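The exercises below are meant to be worked with the coordinates open, each task being followed by a solution that goes step by step.

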Amino acid sequence: MLERRAAMATLLANRRDDLFLVPGLGSTTWDAVAAGDDDRNFYLWGAMGGAVMIGLGLALAQPKLRVAVITGDGEMLMGMGSLATVGVQQPANLAIVVFDNGYYGETGMQASHTRGGVDLLEVARGCGIERILDVQDEAGLRELAGLIGTCDRTLFARVAIAADDPPRVLPIRDGVEIKDRVRRAVEAAG
Amino acid sequence: MNAAGYGFGRENSLTAPLKSEIGWPDRLFEVLKTSGIRQVGYVPDAGHARLIERCKADPDILDVVLTTEEEGIALAAGAWLGGQRAALLMQSSGVGNCINMLSLIRTCRFPMLMLVTMRGEWEEFNPWQVPMGSIVEPTLKLCDAHVSRVETPEKVADTVQAAVQLAFGDDRACAVLLSQKLIGAKVWVK
């Protein structure tokens with residue numbers, strides 16, 4: 001089991017200039033800010049179930065940039081159909097990473113479906129995503145960190161995350177500013 | 001069943017429709033083209049079948065088949081982050097699926113163009129279409145979307161053009177409701 005803040009820091013440690021991040025509503029957004037605020041992060045304070053589709057829209061619009069969606073198991077479960085949509089599109093520049101701790105952190109750590117036997121890796125595989133990674137340890141995490149920047153096809157990774165609930169680190173809340181920052185960063189990178 | 005098609009049949013007639021065949025979906029398609037729409041999200045729909053076919057046949061438009069309409073809201077947001085304009089095609093029942101995701105549009109002031117084919121009104125055979133169809137307009141307005149409605153084929157292009165101007169000029173959600181009179185009643189017994 002990996003600690004969530006350290007896992008996010010490892011994935012973003014040697015972040016490429018062209019890597020844009022969509023963290024999901026809740027803990028993964030707090031994890032992303034804790035790793036360092038960045039104009040290339042599209043933080044989500046809502047829109048649960050939408051992280052993968054936001055990442056897909058961005059990845060399709062900017063095929064020369066890299067897009068990573070790093071979200072939690074609860075957020076992913078709400079948008080599970082979007083894995084089917086991604087499976088049809090297969091953008092080479094999109095990586096979907098699920099921090100799977102088996103709990104809904106924001107609402108008080110209630111068990112999620114992944115604790116009840118649902119396997120998101122099998123869901124992704126069944127949706128036609130071929131590059132699948134089951135990350136259980138530091139070595140796996142480092143491999144994933146490299147692949148996020150270099151993989152030549154759609155990637156789906158599940159990261160086994162310990163069920164702790166670290167103190168919140170909050171990003172800006174102004175949605176217009178969050179959006180405009182990312183758009184300016186895309187223009188600068190593109 | 002497969003009214004929208006997944007690349008089957010009739011492809012050859014799509015790129016150059018005969019002048020006599022040009023109807024409102026073709027004129028609507030031209031508005032999308034001249035407006036620079038580059039991504040089109042849709043759930044297969046009989047009323048939008050022709051427009052979807054045109055989008056699929058156009059190399060400059062990415063057609064993204066969705067499992068549920070709310071995916072299309074998040075897709076359009078992601079596309080806009082990447083500097084592309086998107087549109088969402090759906091049936092009236094799909095509006096209900098979009099409600100929470102429209103928070104993303106309002107909070108971040110994303111432009112959002114929605115083209116809605118209406119069911120549950122004129123000559124509807126299926127009473128199950130009526131509950132959602134009858135509340136589409138107030139629902140969208142409560143979600144802070146601008147709503148316009150078209151009853152006649154000759155007004156489709158102008159109305160959609162105005163919605164494009166408002167959506168992308170004012171960074172807001174705009175929906176055009178395409179009356180069931182435009183589409184005709186669904187044939188149930190063949």
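## Exercise 1: Salt bridges within the chains

Over all chains of this predicted model, the rule counts 26 salt bridges.

**Task.** Find which residue pairs with Arg181(A) in a salt bridge, and determine which parts of chain A the pair ties together.

**Solution.** Step one is the distance test, for which the cut-off is 4 Å between a side-chain nitrogen of Lys or Arg and a carboxyl oxygen of Asp or Glu. Arg181(A) meets this test with Asp37(A), since the closest N and O atoms of the two are 2.9 Å apart. Step two places the partners: Arg181(A) belongs to helix α8 of chain A and Asp37(A) to the loop between α2 and α3, so the salt bridge ties together parts that are 144 residues apart in sequence. Step three turns to accessibility, where Arg181(A) counts as buried at 8%, whereas Asp37(A), with a relative accessible area of 48%, is partly exposed.

**Task.** Carry out the analysis for the salt bridge between Asp134(A) and Arg158(A), stating in which strands the two residues lie.

**Solution.** The closest N and O atoms of Asp134(A) and Arg158(A) are 3.2 Å apart. Asp134(A) lies in strand β6 (residues 131-135) and Arg158(A) in strand β7 (residues 155-160) of chain A, so that parts 24 residues apart in sequence are tied together by the pair. Asp134(A) is partly exposed, with a relative accessible area of 43%, while Arg158(A), at 19%, is buried; the latter assignment needs the cut-off, because buried means under 20% relative accessible area.

**Task.** Describe the salt bridge between Arg149(B) and Glu121(B), and then name the residues that salt bridges with shared partners join into one network.

**Solution.** The side chains of Arg149(B) and Glu121(B) meet with an N to O distance of 2.8 Å. This pair links distant parts of the chain, 28 residues apart, with Arg149(B) in strand β5 (residues 146-150) of chain B and Glu121(B) in the loop between β4 (112-117) and α6 (130-133). Both partners fall into the partly exposed class, Arg149(B) at 34% relative accessibility and Glu121(B) at 27%. The network, in turn, consists of Asp26(B), Glu30(B), Arg50(B) and Arg54(B), which are joined through salt bridges that share partners.

## Exercise 2: The interface

**Task.** Characterise the interface of chain A and chain B by its contacts, its buried area and the elements that supply the side of chain A.

**Solution.** Begin with the contacts, in which 26 residues of chain A and 25 residues of chain B take part. The area buried between the two chains is about 2000 Å², and carbon and sulfur atoms give 66% of that area. On the side of chain A, the residues that lose the most area to chain B are Met53(A), Lys179(A) and Arg183(A), which together account for 26% of what that side buries.

Next, consider the polar terms: the rule finds zero salt bridges across this interface, but nine residue pairs in polar contact, with both residues at pLDDT 80 or more. Then assign the residues to elements, whereby α3 (51-61), α5 (81-89) and α8 (175-189) of chain A are each found to supply at least two residues of the side that touches chain B. Helix α3(A) gives the most, with seven residues. Finally, sorting the residues of this side by type yields 15 nonpolar, nine polar and two charged.

## Exercise 3: Positive phi outside glycine

**Task.** For Ala47(A) and Gln90(A), which have a positive phi although neither is a glycine, state the place and accessibility of each.

**Solution.** Ala47(A) has a phi of about 55° and is placed in the loop between α2 (27-34) and α3 of chain A, where it is buried with a relative accessible area of 6%. Gln90(A) takes its positive phi of about 50° just after α5(A), in the loop between α5 and β3 (94-100) of chain A, and counts as partly exposed at 32% relative accessibility. As for the helix that precedes Gln90(A), the buried residues of α5(A) are Ser82(A), Leu83(A), Thr85(A), Val86(A), Gly87(A) and Gln89(A).

Technical notes:
Residues numbered from 1 in each chain as written. Chains lettered and ligands numbered in written order. Predicted model: local features only at pLDDT ≥ 70, side-chain atom pairs only at ≥ 80, totals over all residues. Heavy atoms only, no water. Contact = heavy atoms within 4.5 Å. Buried area = accessible area lost by both parts, 1.4 Å probe. Polar contact = N/O pair within 3.5 Å; in protein donor to acceptor, adjacent residues only side chain to side chain. Helix = DSSP H or I, 4+ residues; strand = E, 2+ residues; numbered from the N terminus. Nonpolar A, V, L, I, M, F, W, Y, C, P; charged D, E, K, R; others polar. Buried < 20%, exposed > 50% of the residue type's maximum accessible area, 1.4 Å probe, protein only.
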